[in-house]
Amino acid sequence: MRVLPFLPPLLRSSCLRPSWLSSTLIRATALELVILAGHVLVYPSGLTPERRSPVPPPGPGTTPGTGAGPEAPGRITRTAEPAGHPARTAPPADATATVAALPTTAGDRPPVVLLHGFIDNRSVFVLLRRSLARHGWHHLESLNYSPLTCDIRTAAELLDRHVEEICARTGHREIDIVGHSLGGLIARYYVQRLGGDRRVRTLVTLGTPHGGTAAAPLAGAHPIVRQMRSGSDLIDELRRPAPGCRTRFISFWSELDRVMLPVETACVDHPDLDAVNVRVTGIGHLALPVHPAVASAIRQALESDGAAIGNPGSASVA
């Protein structure tokens with residue numbers, strides 16, 4: 001597992017002191033309640049599928065059918081660690097990297113698919129979608145899956161069909177996915193177990209129970225919640241070898257996330273996956289898809305194409 005540190009210096013966190021953590025937890029809890037109230041208001045707007053906007057014309061130099069322009073000079077080359085390399089959370093403190101200019105033409109960017117969490121809908125991504133659109137992403141798809149869905153595998157198969165339709169419609173061979181909570185787990189199953197790595201360039205997950213969560217014991221009656229528990233057949237299936245998986249994983253996890261128990265379960269820990277775990281401090285589970293600092297980090301992750309920018313992968317938004 002490899003760490004890609006790409007966050008701005010002002011967002012880096014220091015070691016947590018108990019008094020700091022206590023006040024931060026109070027603020028984070030208050031913010032969660034405010035976000036929950038706001039989300040209840042906008043939730044009805046996301047119940048229906050979104051209307052698809054016309055596909056923008058290709059950018060200069062874009063090759064039809066690929067969604068990518070000519071190779072940029074000075075393109076960053078990534079060196080993958082061998083399978084089985086011990087997981088780590090940060091490079092050495094003195095690590096440095098030279099980052100070449102990355103293409104920013106809209107035609108060079110793959111479509112971004114936004115996938116919501118359990119008993120939610122696409123309205124959770126209103127602010128993130130606006131942020132991406134304002135910074136040059138012109139093809140964004142927010143997908144709803146049925147709240148009656150009882151199996152992550154079935155939802156992943158549906159995602160597969162959606163992705164193929166998006167690629168056929170846009171002419172892009174690859175997409176990026178941002179998944180919140182359960183949405184990230186659905187996307188990971190699609191990538192890792194259904195061959196979705198041929199289509200998904202980057203998978204960003206926000207508070208996703210990659211290792212299974214012990215939260216919400218009373219909700220365990222729902223089959224899909226049971227699949228998100230540690231030790232479930234589905235979580236065990238995701239631990240199986242995945243040699244040659246081509247998708248890049250970037251997982252945002254928060255130490256104040258009360259839905260992920262333990263909080264580290266939101267980290268991707270798999271020897272075969274090109275994975276980056278980004279620790280976020282100061283906010284909880286509901287704030288991950290709406291906080292501007294996280295949105296900024298997501299934009300940088302999607303633009304970086306795996307480029308290391310030389311600083312520890314953590315962010316403080318307290």
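## Core packing and strand 3

R109 lies over the face of W137, 3.9 Å from the ring centre. The model is predicted. The count of aromatic pairs in it is zero.

W137 also belongs to a nonpolar core of 26 residues, along with V124, V204 and V278. That core is separate from the largest one, which has 34 residues. Within the largest core, the residues with the most contacts are I152, L159, I175, I177, I186, Y190 and F249. Several elements each supply at least two residues of this core: strand 1 (112-115), helix 3 (152-170), strand 3 (175-180), helix 4 (182-193), strand 4 (200-206), helix 5 (223-227) and helix 6 (233-238).

One of these core residues, I186, can be followed in detail. Leaving aside residues up to four places away in sequence, I186 touches L115, Y145, I152, A155, A156 and L159. Two of those partners, I152 and L159, are themselves listed with the most contacts inside the largest core.

Strand 3 is mostly covered, with six of its six residues buried. In a regular strand the side chains alternate between the two faces of the sheet. In strand 3, I175, I177 and G179 point one way, while D176, V178 and H180 point the other way, and all are buried. I175 and I177 are among the residues with the most contacts in the largest core.

Which strands does strand 3 pair with, in parallel? Strand 1 is joined to strand 3 by four bridges, and strand 4 is joined to strand 3 by six bridges. Both pairings run parallel.

| Pairing | Bridges | Direction | Residues standing opposite |
|---|---|---|---|
| strand 1 and strand 3 | four bridges | parallel | L114 and V178 |
| strand 3 and strand 4 | six bridges | parallel | I177 and L203 |

V178 and I177, the strand 3 residues in these two opposite positions, point to opposite sides of the strand. Strand 3, helix 4 and strand 4 make a right-handed β-α-β unit. Each of these three elements also supplies at least two residues of the largest core.

For the whole chain, the secondary structure comes to seven helices and seven strands. Along the sequence the pattern is α-β-α-β-α-β-α-β-α-α-β-β-α-β. Of the 318 residues in the chain, 50% are buried. Among contacts between residues at least 6 apart in sequence, 85% join residues at least 24 apart.

Methods: Residues numbered from 1 in each chain as written. Predicted model: local features only at pLDDT ≥ 70, side-chain atom pairs only at ≥ 80, totals over all residues. Heavy atoms only, no water. Phe/Tyr/Trp six-rings, centres within 6.5 Å; stacked < 30°, edge-to-face > 60°. Lys NZ or Arg CZ within 6 Å of the ring centre and 35° of its normal. Core = buried A, V, L, I, M, F, W, Y, C linked by side-chain atoms within 4.5 Å. Buried < 20%, exposed > 50% of the residue type's maximum accessible area, 1.4 Å probe, protein only. Contact = heavy atoms within 4.5 Å. Pairing = 2+ DSSP bridges. Right-handed = clockwise from strand over helix to strand, strands pointing away.
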